[in-house]
Amino acid sequence: MIMNEPANVEMAGINPQALRSGKTHVRPKRRMTVRTCADGVKRGGFAKRTPEEDIAAFHNGVRQGSAGECWPWQGAAILMGNKSGGKYGIMTFMGKPMRTHRVAYMIAHGLKPIPVGLVIRHTCNFGLCNNPAHLLLGTQQQNMDDAQRDGLFATGDRSGSRTHPERRPRGENNPLSKITEQDVLEIFELRAAGMTEKDIGKKFAVTDISSILNRTSWAHVRIPVKNQIDKAAAKMLHRKNNGAAHRRFSDDEIRLARNLSREGFTVTHIHRQLGKSYSQTRKIVHGEVHTGIV
Ligand SMILES: [Zn+2]
C-alpha cells in the first residue's frame, strides 16, 4: 500500500483507491449488516450508507476534470422525458434515488435540500455533467426557456408532426374539416382551368382557398402534375388578375399621388386609393422614379 498520499486528494473528491489502481472508476466495498435471527439463521444485507459514504460514492462516480470542463457521471444513467430529453446520472443518495446533478449541487451547497418546485439547471446543457460551476438553481420555466433558446426542442424535420405524421388528424380525419381530399383535387383542377380563387371559394363554401393552393393546408394530398401550380405561372396569373396594380401610372396619377402625399396621406392610403402597387406608389411618392413629371 502506498502511504503518504497527498492530503488534498480526498479533498479534491478523488477516490484514493482509484488513484492507486490507475482505474478511473472503482466501486468501494459496501458494508454488510448481518444478524442472527430467532431461528438461528444469519440474515443480512448491505448496510445503509453513511452521509460520508454517500458523498464518497458520488465522487467515485464522477470523472472530475478542470474547473471549466464538464464532469460526466460514469455510473448508471437514466433518460428523462422523450428522445430529445437528456441522459442524467442516477445514484442512491441519503437512501433515495436521485439524479447526480442534484446531488452535485447539494454537496456543493452544504447538503442543503433543494427547495420543492425548483430545478437544477445545466448551463452546459449536458445532463450527465456534475460540475457545480455548470449548475444553477432555477424554475422549471427558466429551464424550458433555456432549452427553447438553445434549440433543444424538436422543430422542423425533427418535430412530431414530421416524424409521426400519423398522430395528427389531417384532412378528412380532422373532425373540423369541411371538405374532402376529392374536393382538394377538384380545387386544383379548377384553378388550373382558370377559375379564380374567389369563385372556387364560393363553390366549396371555403374562405381560405389560397392556403390550399399554396400548399399550407391539405399539403399531404398529392396533386397530379398537370394541375400543380407552377410558381412562375402562378405569379403571372396573379399579375393578370391584378393587372390594374401593375399597369403604369399615368402622368395625372403620378401628380395625384404626389399631391396626396404632400397633403399628408400615407403611401398605404394612396396605393389603395389609386389601386396601384404599393412599391411603385412608394417610389413615385418618394421621387425615386418619374422625376421628370411635376
Ligand atoms: Zn457541464
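Select Val103 first and show what surrounds it: leaving aside its neighbours within four places in sequence, Val103 is in contact with Phe58, Met91, Phe93 and Met98, where contact is defined as two C-beta atoms, placed from the backbone, lying within 7 Å. Before going further, note that this is a predicted model, in which local features need pLDDT of at least 70 and side-chain atom pairs count only at pLDDT 80 or more, while totals for chains, interfaces and linings use all residues. Residues are numbered from 1 along each chain as its sequence is written.

Now widen the selection to Phe58, Val62, Met91, Phe93, Val103 and Leu128, which have the most contacts inside the largest nonpolar core, a group of 13 residues. A nonpolar core here is a set of buried Ala, Val, Leu, Ile, Met, Phe, Trp, Tyr and Cys residues joined through C-beta atoms within 7 Å; a residue is buried if 20 or more other C-beta atoms lie within 10 Å of its own, exposed if 12 or fewer, and partly exposed in between, with C-beta atoms placed from the backbone. Two elements, strand S4 (87–93) and helix H4 (100–108), give two or more residues to this core; helices (H or I, at least four residues) and strands (E, at least two) are DSSP runs, numbered from the N terminus. Apart from this core lies another, of 8 residues, and Ile187, Ile200, Ile209 and Trp218 are among them.

Return to S4 and colour the strands on either side. Three strands form an open sheet in the order S3-S4-S5, with antiparallel pairing, where two strands pair if DSSP finds at least two bridges between them. S3 and S5 are the edge strands, each pairing on one side only. Neighbouring strands of this sheet are turned by 40 degrees against each other on average, direction ignored, and H4 packs on the sheet, touching S4 and S5, its direction making about 60 degrees with that of S4. For these angles, axes are lines fitted to C-alpha atoms, for helices over the stretch in contact, and angles run from 0 to 180 degrees between N-to-C directions.

Follow the pairing residue by residue. Strand S3 (residues 77–79) is joined to S4 by 3 bridges, and Ile78 can be found opposite Tyr88 in S4. On the other pairing, 4 bridges join S4 to strand S5 (residues 96–99), with Phe93 standing opposite Lys96 in S5. The hairpin of S4 and S5 has 2 residues between the strands, and there Met94 takes a positive phi near 50 degrees.

Next, select Ile270, in helix H13 (residues 267–274). Is Ile270 buried or exposed? Ile270 counts as buried because 23 other C-beta atoms lie within 10 Å. Leaving aside neighbours within four places in sequence, Ile270 is in contact with Ala257, Leu260, Ser261, Phe265, Thr281 and Val285.

Then add helix H12 (residues 251–262), which packs with H13 at an angle of about 145 degrees, their axes 10 Å apart. To see the contact itself, display Glu253, Ala257, Leu260 and Ser261 of H12 together with Ile270, Gln273 and Leu274 of H13.

Finally, zoom out to the whole protein, which has 14 helices and 7 strands. Buried residues make up 17% of its 294 residues, and, of the contacts with a separation of 6 or more, 44% are between residues 24 or more positions apart.
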